[in-house]
Every structure is written in C-alpha cells, then in structure tokens.
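Work through the exercises below with the sequence and the model open. Try each task before reading its solution.

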Amino acid sequence: MIKQALENPISEAVVLENMYALNLMLDDGVKGIDELYPVLSKYNNTKSPNIQVFLAGIYRKTKIPDAFGPLVSMLINNSLHPFEDCNFDPNEEIGGAILDYLA
C-alpha cells in the first residue's frame with residue numbers, strides 16, 4: 001500500500017504521510033524498506049523541503065549506497081537555491097545523513 005501511494009501520489013501530504021510511516025517502521029526494525037529505493041528515488045530531485053527531510057531520514061537509516069549521490073546533490077542544490085519561505089533548514093537532516101554515510 002505504501003509503495004503504491006508513493007508511486008502514484010495524490011498530493012504532497014500523501015507522500016509525507018507514507019514517508020513518515022516508513023520512518024516509524026524503520027525505527028521499529030522492519031526489514032526490507034531498502035528495497036523501496038526505486039520508488040523513493042523518484043523524489044531525489046524534489047524541491048519540497050518537507051519531502052527532502054523525510055527522504056534524508058529514510059536514507060540515513062537504511063544507508064542505501066545509491067542514495068549517497070542524491071543526498072549530496074540535494075545539499076548542493078539547496079545551498080545554491082536556498083528556500084525563502086521555509087521555517088526550517090532541510091540541509092540539517094541532509095547533512096546529518098551524509099555524515100552518517102561517511103562514519
């Protein structure tokens with residue numbers, strides 16, 4: 001169900017809800033979430049700071065090797081084009097995920 005909702009999202013809220021569920025599942029030790037990378041990678045170029053935060057959190061917890069490059073790309077793009085109407089900085093989560101990959 002989560003896979004289908006992420007493949008064909010109705011709205012950003014639906015994407016966020018399902019990524020939040022994936023984060024909770026990772027916290028509970030659910031295995032196999034890394035197999036959803038092909039679906040999650042669809043959001044690697046998103047401009048939504050909300051989606052970026054959840055995506056970085058999922059990548060941080062799964063450490064999918066293919067996700068490292070997109071995380072670096074998000075960080076660079078956000079640095080070149082900062083969010084003006086955002087009350088938080090998604091680069092904190094993205095940077096934290098990158099540091100976890102390097103540790």
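A residue is called buried at under 20% relative accessible area, exposed at over 50%, and partly exposed in between (1.4 Å probe, protein chains only). Helices (H or I, at least four residues) and strands (E, at least two) are DSSP runs, numbered from the N terminus. The model is predicted, with local features needing pLDDT of at least 70 and side-chain atom pairs counting only at pLDDT 80 or more, while totals for chains, interfaces and linings use all residues. Residues are numbered from 1 along each chain as its sequence is written, and side-chain values use heavy atoms, with hydrogens and water left out.

**Exercise 1. Describe helix H2: its buried residues, its partners and its span.**

Step 1. List the buried residues. In H2 they are Val 15, Leu 16, Asn 18, Met 19, Leu 22, Asn 23 and Leu 26.

Step 2. Find what they pack against, taking contact as heavy atoms within 4.5 Å. The partners of these buried residues are helix H1 (2-7), H3 and H4.

Step 3. Check the span. The expected value is 1.5 Å times one less than the number of residues. For the 16 residues of H2 this gives 22 Å, and the distance from the first C-alpha to the last is close to that, at 22 Å.

Step 4. Look at a residue of H2 that is not in the buried list. Tyr 20 lies in H2 and is partly exposed, with a relative accessible area of 46%. Its C-alpha is separated by 22 Å from that of Asp 85, 65 residues apart along the chain.

Step 5. Look past the end of the helix. Just after H2, Gly 29 has a positive phi of about 85 degrees.

**Exercise 2. Describe helix H4 and place Ile 58 in it.**

Step 1. Check the span. H4 has 14 residues, which at 1.5 Å a residue should span 20 Å, and its end C-alpha atoms are indeed 20 Å apart.

Step 2. List the buried residues. They are Pro 49, Ile 51, Gln 52, Leu 55, Ala 56, Gly 57, Ile 58, Tyr 59 and Thr 62. They pack against helix H2 (12-27), H3, H5 and H6.

Step 3. Turn to Ile 58. Its relative accessibility is 0%, so Ile 58 counts as buried. Not counting residues up to four places away in sequence, Ile 58 touches Met 19, Leu 22, Asn 23, Leu 26 and Leu 40.

**Exercise 3. Which residues stand out in the loop between H4 and H5?**

Step 1. Take Lys 63, which is found in this loop. Lys 63 is not a glycine, yet has a positive phi of about 50 degrees. With a relative accessible area of 42%, Lys 63 is partly exposed.

Step 2. Take Pro 65, in the same loop between H4 and H5. At 68% relative accessibility, Pro 65 counts as exposed. The C-alpha atoms of Pro 65 and Asn 77 are 12 residues apart along the chain and separated by 20 Å.

**Exercise 4. Why do the buried residues of H5 line one face of the helix?**

Step 1. Recall the geometry. An α-helix has 3.6 residues a turn, so residues three or four places apart point the same way.

Step 2. List the buried residues of H5. They are Pro 70, Leu 71, Met 74 and Asn 78.

Step 3. Look down the axis of H5. The buried residues fall within an arc of 105 degrees (counting directions from the helix axis to the C-beta atoms), so they line one face.

Step 4. Compare the two sides. Ser 79 and Leu 80 are exposed on the other side of H5, while the buried residues of H5 pack against helix H3 (37-40), helix H4 (49-62) and helix H6 (90-102).

**Exercise 5. At what angle do the axes of H5 and H6 cross, and which residues of H5 and H6 meet?**

Step 1. Find the angle. Axes are lines fitted to C-alpha atoms, for helices over the stretch in contact, and angles run from 0 to 180 degrees between N-to-C directions. The axes of H5 and H6 come within 10 Å and cross at roughly 145 degrees.

Step 2. List the residues that meet. Phe 68, Leu 71, Val 72, Met 74, Leu 75, Asn 78 and Ser 79 in H5 meet Pro 90, Asn 91, Ile 94, Ala 97, Ile 98, Tyr 101 and Leu 102 in H6.

Step 3. Follow one residue. Asn 78, in H5, counts as buried at 7% relative accessibility. Leaving aside neighbours within four places in sequence, Asn 78 is in contact with Gln 52, Phe 83, Pro 90, Asn 91 and Ile 94.
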